[in-house]
Amino acid sequence: MIHPPYLSPDYRSTVLRAPAQAPVAFKGDPDAIELTSPVFGHDEVGALDNDLTRQHEGEPIGERVIVTGRILDSSGRPVRDTLVELWQANAAGRYAHELDQHPAPLDPNFTGAGRCLTDSDGRYRFVTIKPGAYPWRNHHNAWRPAHLHFSVFGRAFTERLVTQMYFPGDPLMAFDPIYRSIPDEASRQRLISAFSMDLTEPEWALGYTFDIVLGSTPTESS
Amino acid sequence: MTLTPSQTVGPFFSHALPYAHDWELVPDSYAGAVTLTGHVYDGDGAPVPDALLELWLGQTGDRGVLRRGSGLVSGFGRCATAADGSFRFRTARPSGPYLSLQVFARGLLRSVLTRVYLEDRPDPLLDSLEPARRKTLIAEGADGRYRFDVRLQGDGETVFLDF
């Protein structure tokens, strides 16, 4: 199983929100609109929308990072011109969200939201700062590992994916019910970015790579 | 290749994913506009105040997906639920009998995908469901105003789809 089961009781919020019934398998209709996806125009995304460090007057506090990778289908082919959205906490582990109660400072120079379209090679690229870990009250002394939220569209509404990217070597992953809700170890590893010295820019920022592989639609696999 | 697994959208996305006019697939002046409203409920029947819904008509249209331009119809819309679990969309009537609706929320480790049928009619998917379950996919209303609730779990649980 690739995806986490909806009901993962160690993550308490799943208990009343996980569907009790199995999803109804509905395959074989080539005209189902779910097999298509929005097409994005390049004028819909600003040139700086992928740089989360340049959205305010000053620079955000934190460790500058470059995060790049390719959006691929299950055969390894690039998914071009698709929308990738990224959002995250600041370097202190606080979201620019009114309901985040974590007593860590907000950063007036960091909103923590960006987006871009993939290029002809399926590649996206963001410049941001490394988010901090934060407590989340799921259980005693619960802390989320540092993570970036990703949203990807792909070629079909059935491939629509929201996920999280983690950083290599983070000791909190071993204790995190959200990361650990993924049953299969190889699938878990998919969510851990790789540090890259080649991407790292001298006197500027650390580089990480993170590829995202989307599921194929029934049409493509048939 | 190993697919990338899903993770929850979490509780804190409303500073990032909503955008101007995201719930308005058509402008206010659009002749024949359809208003779709409803609530998202959990297994206790409590409203879900931190869900994100996405509506897809099956065609991109000419109004833009992210930047609502001067065109008439966008095929895609997005709406974060309010504190009372409510959502709303203003859309064109789909060319077929249904709209595609995807729901993300804290506590959903993977999104759920369902369909909103604007009328009950013979249909390969609807006809495969028991009457009580079939009912969960059919919006109530007429004349361009429809209601559709999403029940994530328990009594009246919405039918979710696996393609």
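Between chain A and chain B of this predicted model, the count of salt bridges is four. One of these joins the side chains of Glu34(A) and Arg115(B), with a distance of 2.6 Å from N to O. Polar contacts also link the two chains, and here the count is 38 residue pairs, both residues of each pair being at pLDDT 80 or more.

On the side of chain A that touches chain B, two or more residues each are given by the strands E1 (24-25), E3 (83-87), E4 (113-117), E8 (147-152), E9 (161-166) and E12 (212-213), together with helix H1 (185-189). The largest share among these elements, five residues, comes from E9(A). Sorted by class, this side of chain A has 42 nonpolar, 23 polar and 13 charged residues.

The extent of the contact can be described by residues and by area. Chain A contributes 78 residues and chain B contributes 61 residues, and the two chains bury about 6100 Å² between them, of which 60% lies on carbon and sulfur atoms. Within chain A, the residues that lose the most area to chain B are Arg17(A), Phe26(A) and Phe157(A), which together make up 15% of what that side buries.

Strand pairing occurs both across the contact and within chain A, as the following table sets out for two pairs.

| Strand pair | Bridges | Direction | A residue pair |
|---|---|---|---|
| E1(A) and E10(B) | two bridges | parallel | Val24(A) and Leu161(B) |
| E3(A) and E8(A) | four bridges | antiparallel | Trp87(A) and His149(A) |

In the pairing between the chains, E1(A) is joined by two bridges to strand E10 of chain B, residues 161-162, and the two strands run parallel; Val24(A) there stands opposite Leu161(B) in E10(B). E1(A) is also listed among the elements that give two or more residues to the side of chain A touching chain B.

Within chain A, an open sheet of four strands follows the order E4-E3-E8-E9, with antiparallel pairing. E4 and E9 of chain A stand at the edges of this sheet and have a single partner strand each, so one side of each strand is left without a neighbour in the sheet. Neighbouring strands of the sheet are turned by 20° against each other on average, with direction ignored. Inside the sheet, E3(A) and E8(A) are joined by four bridges and run antiparallel, and Trp87(A) has His149(A) in E8(A) as its bridge partner. The four sheet strands, E3, E4, E8 and E9 of chain A, are likewise included among the elements that give two or more residues to the side touching chain B.

Terms used
Residues are numbered from 1 along each chain as its sequence is written. Chains are lettered from A and ligands numbered from 1 in the order in which they are written. This is a predicted model: local features need pLDDT of at least 70, side-chain atom pairs count only at pLDDT 80 or more; totals for chains, interfaces and linings use all residues. Side-chain values use heavy atoms; hydrogens and water are left out. Contact means heavy atoms within 4.5 Å. Buried area is the accessible area (1.4 Å probe) that two parts lose on being put together, summed over both. A polar contact is a pair of N or O atoms within 3.5 Å; within protein, one must be able to donate a hydrogen and the other to accept it, and residues adjacent in sequence count only if both atoms are side-chain atoms. Ala, Val, Leu, Ile, Met, Phe, Trp, Tyr, Cys and Pro count as nonpolar, Asp, Glu, Lys and Arg as charged, and the others, Gly among them, as polar. Two strands pair if DSSP finds at least two bridges between them. Axes are lines fitted to C-alpha atoms, for helices over the stretch in contact, and angles run from 0 to 180 degrees between N-to-C directions.
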